[in-house]
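Please open the structure in your viewer and take me through it, one selection after another, telling me at each stop what to pick out and what is found there.

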Number of protein chains: 2
Amino acid sequence: MFAKSQEIHLTPALEDYLETIYRLVGQDGFARVKDIATARMVKAGSVSPALRRLDELGLIVYERREFIKLTELGESLARRVYSRHRILRRFLAGFLGLPEDVAEADACAAEHHLSNMTTEYMVRLFEFIEMCPEAKELFDHFRSCALVQPGAEPGLCQCATLETYQSLSLRQTLNDVKPGQKVHISRILGDGPLRQKLLDRGLLPNTSLELTRVEEPGRDLVVRFQGFEVKISESEAAHVLVEIS
Amino acid sequence: MFAKSQEIHLTPALEDYLETIYRLVGQDGFARVKDIATARMVKAGSVSPALRRLDELGLIVYERREFIKLTELGESLARRVYSRHRILRRFLAGFLGLPEDVAEADACAAEHHLSNMTTEYMVRLFEFIEMCPEAKELFDHFRSCALVQPGAEPGLCQCATLETYQSLSLRQTLNDVKPGQKVHISRILGDGPLRQKLLDRGLLPNTSLELTRVEEPGRDLVVRFQGFEVKISESEAAHVLVEIS
DNA sequence: CAAACATATTAGAGTTGTCTAACAGGAGGC
DNA sequence: GCCTCCTGTTAGACAACTCTAATATGTTTG
């Protein structure tokens, strides 16, 4: 007769429409084509066919030029999508410390692509932090830590013990490595575009690589990892803390 | 002449193709249509047009029936995508404690939808944990904590201080609430499908709601939040820890 | 060498989701 | 009552992505 809840596999776009309707109905008491179009940032002409599909799936009651109602199934599906949205947003903003607008945008985009298990583990983490006073402190600290402040000096995170701090200052950068040596990246220093550029090139903490050679004009370093060779300038290399193995 | 790196907006599918090629070339030294199709779980017939598009964008060199080569631009774009993939996977597996296969699948799916800033903050968190011995301990603890073990008794996380534990056992469930009272959810107990069902219905820690009435046959609770009414059975409500406000 | 096989490409069709532009319906103002 | 504005709908076009089935190419083997 009706499709069972388990059988319904909504596309990300339809999930988005459904969620938008849910939020509008919950907030304003009704959902109109115009508001849906505004919220989803599409033209009104795109909304009608989407509503027809949702109606065919039995998730909404959609009659031409009437307010849109959610069916029981539609409401429960929408609530699930929205719940995942909220988990993700709170995880990004409240836990990782991202600005609200970035957290909201990323939550919108990624919510359709994470498994139940992943969002559930995020909730576990919330609960864990709630249970452990130490965890709560530690995370408040993380978010306000020197590490996450733009332009902060490397290694100045106050949470580091003296020993960690000292061993950090003893640690070498890529510039201290000789050709042929294999190293393990422990940290990328700095902030902003330079750091982003290094991360984009795959130089993540906890990555191993080998210095193959130094190209003399400019002392560019050529390192090998993931089966490719990547060139790094001397000034960039100074921001890559490594352990030589 | 050529599109600049900034101007290129790859669709998720094309990003995936590019990343797959990068991984195959790095691993095997070459990339064939067949392997790309296998890795992406599509039919070979879908690969050729995708390669043509990547070629037109100047990201690969694609000549009929030849091995596929990455251009310099393609290689750097691919590395960026793959880098994000690795960050996300390590975040999910290493930090949240998800099983490797789930982490890999979710990383694959979500990597195209998160901003630079978000992945960068994840790296900050890695580095923070690396810097702070306490943070490292705490997270090892989180992952092995009773809280995250299937079937664990609620409130038995050893990291909780005695005070937290006691106040927890004093805390009320939804069943202790009277109609008209507003409450704040502090935790969802239990594990498995029941917990999932409650989370799917939007009952997340840190959510506020109002008990509107109790429907007598069966003592189902009707609560109001987000502008909707949701029905919760007595046995489900016993798993919802609340603070009455 | 030719047949058999693995691999790659193309053509055609279908789905989803978007747009624009033209059109329809309803509510309020004159 | 009629006109206008706001809103919603439809049709037609298009871009991405996928599939299947047919075809082409190259390699291995008898």
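Begin by selecting α3 of chain A together with DNA strand C: in this predicted model, α3(A) provides the largest share of the surface near that strand, namely four residues. Then widen the selection to the whole surroundings of DNA strand C, which amount to 18 residues, the closest being A:Thr11, A:Ala13, A:Gly45, B:Lys34 and B:Gly45. If you colour by element, you will find that α1 (12-28) and α3 of chain A, along with α2 (33-40) and α3 of chain B, each contribute at least two residues to this surface. Colouring by residue class instead separates the surface near DNA strand C into seven nonpolar, five polar and six charged residues.

Next, move to DNA strand D, around which 19 residues lie, with A:Lys34, A:Gly45, B:Thr11, B:Ala13 and B:Gly45 coming nearest. Here the elements to highlight, each giving two or more residues to the surface, are α2 (33-40) and α3 (44-56) of chain A and α1 (12-28) and α3 (44-56) of chain B. Which element gives the largest share of the surface near DNA strand D? That is α3(B), with five residues. In terms of class, the surface near DNA strand D comprises seven nonpolar, five polar and seven charged residues.

Now leave the DNA and display the two protein chains, whose contact takes 63 residues from chain A and 62 residues from chain B. On the side of chain A that touches chain B, select α1, α4 (72-95), α5 (100-110), α6 (116-131), α7 (133-144), β4 and α9 (192-200), each of which supplies at least two residues. Within that side of chain A, α6(A) gives the most, with 14 residues, and the side as a whole divides by class into 34 nonpolar, 16 polar and 13 charged residues.

For the last stop, stay in chain A and show its strands, where an open sheet of six strands, paired antiparallel, follows the order β3-β8-β4-β5-β6-β7. At the edges of this sheet are β3 (172-173) and β7 (228-232) of chain A, each of which pairs on one side only. Inside the sheet, select β4 (residues 182-188) and β8 (residues 240-244) of chain A, which run antiparallel and are joined by five bridges. To see one position in this pairing, pick A:Arg187, whose bridge partner in β8(A) is A:Leu241. As a general background to this view, strands of a sheet pair through backbone hydrogen bonds, either parallel or antiparallel.

Technical notes. Residues numbered from 1 in each chain as written. Chains lettered and ligands numbered in written order. Predicted model: local features only at pLDDT ≥ 70, side-chain atom pairs only at ≥ 80, totals over all residues. Near = placed C-beta within 6 Å. Nonpolar A, V, L, I, M, F, W, Y, C, P; charged D, E, K, R; others polar. Pairing = 2+ DSSP bridges. Contact = placed C-beta atoms within 7 Å.
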